[in-house]
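Visitor: I am new to this structure, and I would like to understand the reasons behind the words used to describe it. Could we look at it together, step by step?

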Amino acid sequence: MLIDASAGLTQDDLVVVQALYQAGANAMILISKADLFSVGDREQMIEYVKTNLRNQLRLDAPVHAVSVFGADAALCDRWFESELRPFLSRHHELAIASQKRKIGALREAVVGALERRLHAGSEGISTEQPPQPSETIEALRNGDRILERAQGEAFFLTRKVMKMQPQIIDAAAKKIAAQLLNSDNVDAASILPKRLLPC
């Protein structure tokens, strides 16, 4: 996240950083326009931002002063080489870790919701022991697997029927033609079973 050195760390910046961490992402803070300040002032700015992140959000995010002008452009190059390049090379690992955090949070939310539902549903309604949350979660997972399998099979069958459509139409046409040739007074709709006719 890029913050303006002349404006400092704002409440909006803190909200964005917090939202990033809550979404399972990591944040890195860059203080722009570092060329406008002395080396000592840059160090004070970095420490100020780190202190605020620790005190207000309880976070230890990396903070760097950067610039793209003059000799201070080396700050940006140094940041890129020391932080961003290794981060990009570890992107795949970080993406997996982020997914695990999100799945863990989702799992906790589902377990909590199921526990609340079990407790609300078992208040004097049934004499049977309500299923334990782990049993409920396993039942939901099994249901999801069955649903996924059924959806896959339905998709497969739909594609198969679509490929067989010309053969089905040919077979129906031959049956109708044979009946019409053998009888003078036949209703074509009565030749085919009702389940093959459109509703």
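Guide: Let us begin with the outside, keeping in mind that this is a predicted model: the accessible surface of the chain comes to about 14900 Å², and 58% of that surface belongs to carbon and sulfur atoms. Of the 199 residues of the chain, 21% count as buried.

Visitor: What pattern does the chain follow when it is read along the sequence?

Guide: The pattern is β-α-β-α-β-α-α-α-α, and the chain has 6 helices and 3 strands. Among contacts between residues at least 6 apart in sequence, 53% join residues at least 24 apart.

Visitor: How do you know what span to expect for helix 2, and what span does helix 2 reach?

Guide: Helix 2 takes in residues 39-57, which is 19 residues, and at 1.5 Å a residue the expected span is 27 Å. From its first C-alpha to its last, helix 2 reaches 27 Å, close to that expectation. The 12 residues of helix 1 should span 16 Å by the rule of 1.5 Å a residue, and because its end C-alpha atoms are 16 Å apart, the value agrees.

Visitor: Which residues of helix 1 are buried, and what makes you say that they line one face of the helix?

Guide: The buried residues of helix 1 are Asp-13, Leu-14 and Val-17. Seen down the axis, they fall within an arc of 100°, and therefore they line one face of helix 1. A general point helps here: an α-helix has 3.6 residues a turn, so residues three or four places apart point the same way. On the other side of helix 1, Gln-11, Asp-12 and Gln-22 are exposed, while the buried residues of this helix pack against strand 1, strand 2 and helix 2.

Visitor: Which residues of helix 2 are buried, and why can they be placed on the same side?

Guide: In helix 2 the buried residues are Arg-42, Met-45, Ile-46, Val-49, Asn-52, Leu-53 and Leu-57. Because they cover an arc of only 130° around the axis, they are on the same side of helix 2. Gln-44 and Asn-55, on the other side of helix 2, are exposed. The cover over the buried residues of helix 2 includes strand 1, helix 1, strand 2, strand 3 and helix 3.

Visitor: Why is Ile-46 called buried?

Guide: The relative accessible area of Ile-46 is 14%, and buried means under 20%, so Ile-46 is buried. Leaving aside its neighbours within four places in sequence, Ile-46 is in contact with Ile-31, Val-63, His-64 and Ala-65. Ile-31, with its own neighbours within four places left aside, is in contact with residues including Ile-3, Met-45, Ile-46, Val-49 and Val-63.

Visitor: Why does Asn-52 count as buried, and what lies 3.0 Å from a polar atom of its side chain?

Guide: Asn-52, which lies in helix 2, has a relative accessible area of 15%, and because the cut-off for buried is under 20%, it is buried. A polar atom of the Asn-52 side chain lies 3.0 Å from the backbone oxygen of Tyr-48. Leaving aside neighbours within four places in sequence, Asn-52 is in contact with Leu-9 and Leu-57.

Visitor: Which members of the largest nonpolar core touch the most other members?

Guide: This core has 19 residues, and those that touch the most other members are Val-17, Ile-29, Ile-31, Val-49, Leu-53 and Val-63. Helix 1, strand 2, helix 2 and strand 3 each supply at least two residues of this core, and the largest share, 5 residues, comes from helix 2.

Visitor: Why does Arg-58 count as exposed, and what does Lys-33 count as?

Guide: Arg-58, in the loop between helix 2 and strand 3, has a relative accessibility of 73%, and because exposed means over 50%, Arg-58 counts as exposed. Lys-33, in the loop between strand 2 and helix 2, has a relative accessibility of 39%, and because partly exposed is what falls between under 20% and over 50%, Lys-33 counts as partly exposed. Lys-33 has a positive phi of about 60° although it is not a glycine, and Arg-58 likewise has a positive phi of about 60° without being a glycine.

Technical notes. Residues are numbered from 1 along each chain as its sequence is written. This is a predicted model: local features need pLDDT of at least 70, side-chain atom pairs count only at pLDDT 80 or more; totals for chains, interfaces and linings use all residues. Side-chain values use heavy atoms; hydrogens and water are left out. Helices (H or I, at least four residues) and strands (E, at least two) are DSSP runs, numbered from the N terminus. The expected span of a helix is 1.5 Å times one less than its number of residues. Buried means under 20% relative accessible area, exposed over 50%, partly exposed in between (1.4 Å probe, protein chains only). The arc is that of the directions from the helix axis to the C-beta atoms. Contact means heavy atoms within 4.5 Å. A polar contact is a pair of N or O atoms within 3.5 Å; within protein, one must be able to donate a hydrogen and the other to accept it, and residues adjacent in sequence count only if both atoms are side-chain atoms. Accessible areas come from the Shrake-Rupley method with a 1.4 Å probe; for residues, only the protein chains shown count as cover. A nonpolar core is a set of buried Ala, Val, Leu, Ile, Met, Phe, Trp, Tyr and Cys residues joined through side-chain atoms within 4.5 Å.
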